[in-house]
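Me: I am new to this structure and would like a close look at a single part of it, set within the whole chain. Please take your time and connect one step to the next.

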Amino acid sequence: RDDCTVVDVPGDCVGYITGNRRATLGNMEEQWGVLMFFMSKGMEKGKGRGSSRSEMLIIFGSQRARRGSELMVMSGVENKAPGTFTRGVREKMSDKKGFD
């Protein structure tokens with residue numbers, strides 16, 4: 001589908017991203033005008049807290065709103081578990097106009 005975005009969130013970061021009584025997700029939804037929720041994978045239901053497996057966070061909304069909330073989630077995950085999304089990223093240079 002082209003009207004949703006899926007972000008893999010590590011199991012140990014799910015509570016951090018969700019927040020107390022879903023407060024953090026609710027704030028991001030309100031700020032960006034999106035709908036976000038975690039989708040459970042069938043085999044992993046009921047595994048308990050602290051699972052090392054990732055969970056899929058699905059985001060519905062306009063493309064700009066989805067991208068903004070996706071970046072906020074990724075930033076939160078990087079804050080909690082550094083290197084999750086940035087491991088292996090190298091510095092790049094460009095001579096094209098608009099890139100300083």
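In which segment is the place of Asp2? Please start there and then work inwards.

Reply: The model is a predicted one, and in it Asp2 has its place in the segment before E1. With a relative accessibility of 69%, which is over the 50% cut-off, Asp2 counts as exposed. Although 58 residues separate Asp2 from Phe60 in sequence, their C-alpha atoms are 9.7 Å apart in space.

To place this segment, it helps to have the order of the elements in mind. The chain contains 3 helices and 3 strands, and along the sequence they follow the pattern β-α-α-β-β-α. Of the 100 residues of the chain, 31% count as buried. Among the contacts in the chain with a separation of 6 or more, 62% come from residues 24 or more positions apart.

Moving on from Asp2, one comes to strand E1, which covers 4-10, and Thr5 has its place in that strand. Here the exposure changes: Thr5 has a relative accessible area of 14%, which is under 20%, and therefore Thr5 is buried. Once its neighbours within four places in sequence are left aside, Thr5 is in contact with Leu57, Ile58, Ile59, Arg66 and Glu70. Thr5 and Gln63 are 58 residues apart along the chain, and the distance between their C-alpha atoms is 8.7 Å.

Strand E1 also leads to the largest nonpolar core, a group of 16 residues in which Val9, Ile17, Leu25, Met36, Phe38, Leu57 and Val73 touch the most other members. At least two residues of this core are supplied by each of strand E1 (4-10), helix H1 (14-18), helix H2 (23-32), strand E2 (35-39), strand E3 (54-60) and helix H3 (63-80). The element that gives the most to the core is H3, with 3 residues. Val73 offers a good view of how these parts meet, for, not counting residues up to four places away in sequence, Val73 touches Val7, Val9, Ile17, Met28 and Leu57.

The contact between Val73 and Met28 leads to the pair of helices H2 and H3, whose axes come within 9 Å and cross at roughly 150°. Because that angle is over 145 degrees, H2 and H3 are roughly antiparallel to each other. H2 passes H3 in a right-handed crossing, and the contact is made by Met28, Gln31 and Trp32 on the side of H2 and by Arg64, Ala65, Gly68, Ser69, Met72 and Val73 on the side of H3. Sorted by class, this contact of H2 with H3 has 5 nonpolar, 3 polar and 1 charged residues.

One more stretch deserves attention, namely the loop between H1 and H2, where Arg21 lies and where Arg22 lies as well. Most residues other than glycine have a negative phi. Phi of Arg21, however, is near 55°, a positive value in a residue other than glycine, and Arg22 likewise has a positive phi, near 65°. As for exposure, Arg21 has a relative accessible area of 81% and is therefore exposed, whereas Arg22, with a relative accessible area of 34%, is partly exposed.

To return to the starting point, Asp2 is exposed in the segment before E1, while Thr5 is buried within strand E1.

Definitions and conventions:
Residues numbered from 1 in each chain as written. Predicted model: local features only at pLDDT ≥ 70, side-chain atom pairs only at ≥ 80, totals over all residues. Heavy atoms only, no water. Core = buried A, V, L, I, M, F, W, Y, C linked by side-chain atoms within 4.5 Å. Buried < 20%, exposed > 50% of the residue type's maximum accessible area, 1.4 Å probe, protein only. Helix = DSSP H or I, 4+ residues; strand = E, 2+ residues; numbered from the N terminus. Contact = heavy atoms within 4.5 Å. Axes fitted to C-alpha atoms, helices over the stretch in contact; angles between N-to-C directions. Parallel < 35°, antiparallel > 145°, perpendicular 65-115°, else oblique. Left-handed = near helix turned anticlockwise from the far one by under 90°. Nonpolar A, V, L, I, M, F, W, Y, C, P; charged D, E, K, R; others polar.
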